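Welcome! Below are a few exercises with worked solutions, to be tried with the model open beside you.

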Amino acid sequence: MERGKVIIFSAPSGSGKSTLINYLMTQFDCLEFSISATSRSPRGEEKNGVEYYFLTPEEFRAKISEHAFLEWEEVYENKYYGTLRSEVERINTKGNIVVFDVDVAGGCNIKKMFGNNAMSVFIMPPSVATLKERLVKRGTDAMEVIEDRVNKASYEMTFSDRFDRIVVNDDLEWTKALIRKIVKEFIDNE
Ligand code: ADP
Ligand code: 5GP
């Protein structure tokens, strides 16, 4: 597979990763989001082929057997997520920079695969309590789903020092400006 530039974002759920990635997409035409496959159900307004390719567990397992994934993880119990090789190839072929939204294990694996062609960014919440508040306020998940996510957050945060950059998402406008600057430097750097 061709090795163009890639940017990896990882964070505990509710840290603001999707908000920041969506913002970046409006700022740089050369970025393109890698749409992952997942066996979880769509949430809120999510559409197949936009946020994710939504697969049944059987379809997901079939893709694992076909070696269709660059990487995949069981991020939560019985909830599978994976990056399709075809997705990365599609974006690379266009000459665009691939943007990944993946869990911490996936983030570390992709960084290893792409080396200096990758910039990995860990989005850190100000605290686990704030993270929970944001998930409750977002209003897209049942309380038990929120508990699963919050329970995993402290463990996920122990991965932060394996990333190239750590960005604490406290004040949103400030974080947007910082992340824009970091990404611009990476894009401009030959
Ligand atoms: P993730 O993709 O990491 O799960 P989201 O981007 O969905 O997180 O953000 C979770 C919730 O927190 C959303 O409702 C979002 O609007 C809100 N949010 C994101 N960043 C901030 C911030 N800096 N301050 C307050 N709320 C935020
Ligand atoms: P959510 O259900 O909130 O959309 O995502 C849950 C977690 O799965 C997040 O940490 C997200 O980054 C991660 N995730 C999404 N797609 C992938 C993927 O393709 N691979 C891996 N390893 N994690 C993913």
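**Exercise 1.** Which atom lies 2.8 Å from a polar side-chain atom of K17?

*Solution.* Start at K17: the partner of its polar side-chain atom is an oxygen atom of ligand 2. This counts as a polar contact, a pair of N or O atoms within 3.5 Å (within protein, one must be able to donate a hydrogen and the other to accept it, and residues adjacent in sequence count only if both atoms are side-chain atoms). Before going on, note that the model is predicted, with pLDDT of at least 70 needed for local features and 80 or more for side-chain atom pairs, while totals for chains, interfaces and linings use all residues. Residues are numbered from 1 along each chain as written, chains are lettered from A and ligands numbered from 1 in written order, and side-chain values use heavy atoms, without hydrogens and water.

**Exercise 2.** Find the salt bridge that joins K17 to another side chain.

*Solution.* A salt bridge is a side-chain nitrogen of Lys or Arg within 4 Å of a carboxyl oxygen of Asp or Glu. The partner of K17 is D101, with 2.6 Å from N to O. Next, place the two residues: K17 is in helix α1 and D101 in strand β7 (residues 97–101), 84 residues apart. Helices (H or I, at least four residues) and strands (E, at least two) are DSSP runs, numbered from the N terminus.

**Exercise 3.** Describe the surroundings of ligand 2.

*Solution.* First, count: 18 residues surround ligand 2, and R40, Y52, Y81, D101 and R149 come nearest. To be near, a residue needs a heavy atom within 4 Å. Then sort them: six are nonpolar, four polar and eight charged. Here Ala, Val, Leu, Ile, Met, Phe, Trp, Tyr, Cys and Pro count as nonpolar, Asp, Glu, Lys and Arg as charged, and the others, Gly among them, as polar. Finally, look at the elements: β5 gives four residues, the largest share.

**Exercise 4.** Now do the same for ligand 1.

*Solution.* Begin with the shell of 13 residues, in which G14, S18, T19, R138 and D170 are the closest. By class, two are nonpolar, seven polar and four charged. Helix α1 supplies three of them, the largest share. For contacts, the side chain of T19 has an N or O atom 2.5 Å from an oxygen atom of ligand 1, and N169 brings a polar side-chain atom to 2.9 Å from a nitrogen atom of ligand 1. The backbone takes part as well: a polar backbone atom of S15 is 3.3 Å from an oxygen atom of the ligand.
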